[in-house]
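Here is a set of questions and answers about how certain labels were assigned, each one setting a value against its cut-off.

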Amino acid sequence: MNWLIEPIITFEFMRNALIISILLGIVCAVVGSYLVVERLSLLGNVISHAVLPGLSIAFFLGINLEFGAFIAGTSSALVVAWIRSQSPVNVDAAMAVVLSGFLGLGVMLIKLLRTNTIDLSSILFGDILGVTPTDLVQTAIATLIILILVKMFYRELLYYTFDPLGAQAFGLPVNLIYFCLIAAVTLTIIASMQTVGVLMVISLLIAPASTAYLLVKELHQMMLLGSIIGVLGSVSGMYLSYYLDLPSGPAIVLVIFAFFFLAFFFSPNHGILLRYWRGKDGG
């Protein structure tokens, strides 16, 4: 067990990486469960790419990069909702249009504002072993806020997720709930930028929740099991990155990808191999 404990005892960056892995594994699965159940998984992809213009403008103005990313990310999700409400365009088409538009704007702003000194490699692909104490504090605060809000408004979010029209007819503030949901997704993505980068954050958001979706039925069970899968995937990827000198973001993503396919093949209810064997025995 020395190989597991020694790096944590010896190096501060490994302790920081372990703590942030646990925090992100939990919060990403909780937020991602709502996106999976509501079939808005690609919204996380839109927001993760849409933060780029916000980062460029914030860097140019000399203000906090995370603040710029939050404004741009939430704006992109609001534009998607606006297009859905004002036109017959499907949600997947609206998300594709907004994603490409914000990404193009971000690249253009980097050129026009001459903000190409931003460490794009770190933002796009992350580096969990380079987490600073400041990153740790910001992630812990964001995680705590999101988990408290989810706990407080779990029933309202559950109702809205499964039946938005029913929630509106019941008098729930559906627009406010939607804004809170996209704010939580954006905060989670910003918190994950340092770990896996904006290009791969969709994996931490969606894959653990989707894996849990194949194994359990209730939303709260999805959140709990997804959190365990997210933590295991993040920590395992962190150790692979440390011992094998691999890029941390892709290592985490591939471990979580492997977990998903294990459930895809062997889930008691939805696994394709078990379904095949049962069909063979029955037929």
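Aromatic pairs and cysteines

Q: How many aromatic pairs does the rule give?
A: In this predicted model, the count comes to 12 aromatic pairs.

Q: Why is the pair of Phe261 and Phe264 called edge-to-face?
A: The ring centres of Phe261 and Phe264 are 5.6 Å apart and their planes stand at 75 degrees; since centres within 6.5 Å make a pair and planes over 60 degrees apart count as edge-to-face, the label therefore applies. Both residues belong to helix α13 (residues 248–266), where they are 3 residues apart, about one turn of the helix.

Q: What makes Phe264 and Phe265 an edge-to-face pair?
A: Here the distance is 5.5 Å centre to centre, with 70 degrees between the planes, and these values satisfy the limits of within 6.5 Å and over 60 degrees. Phe264 and Phe265 also belong to one aromatic cluster, whose members include Phe257 and Phe260.

Q: Why is Phe265 called partly exposed?
A: Its relative accessible area is 30%, and partly exposed is the class between under 20%, which is buried, and over 50%, which is exposed.

Q: How do you know that the structure holds 0 disulfides?
A: A disulfide needs two cysteine sulfur atoms within 2.5 Å, whereas the sulfur of Cys28 has its nearest cysteine sulfur, that of Cys180, 18 Å away. For Cys180, the closest cysteine sulfur is in Cys28, and 18 Å is too far for a bond.

Q: Is Cys28 buried or exposed, and what is Cys180 called?
A: Cys28 has a relative accessible area of 0%, which is under 20%, so Cys28 is buried; Cys180, at 42% relative accessibility, counts as partly exposed.

Conventions: Residues numbered from 1 in each chain as written. Predicted model: local features only at pLDDT ≥ 70, side-chain atom pairs only at ≥ 80, totals over all residues. Heavy atoms only, no water. Buried < 20%, exposed > 50% of the residue type's maximum accessible area, 1.4 Å probe, protein only. Phe/Tyr/Trp six-rings, centres within 6.5 Å; stacked < 30°, edge-to-face > 60°. Helix = DSSP H or I, 4+ residues; strand = E, 2+ residues; numbered from the N terminus.
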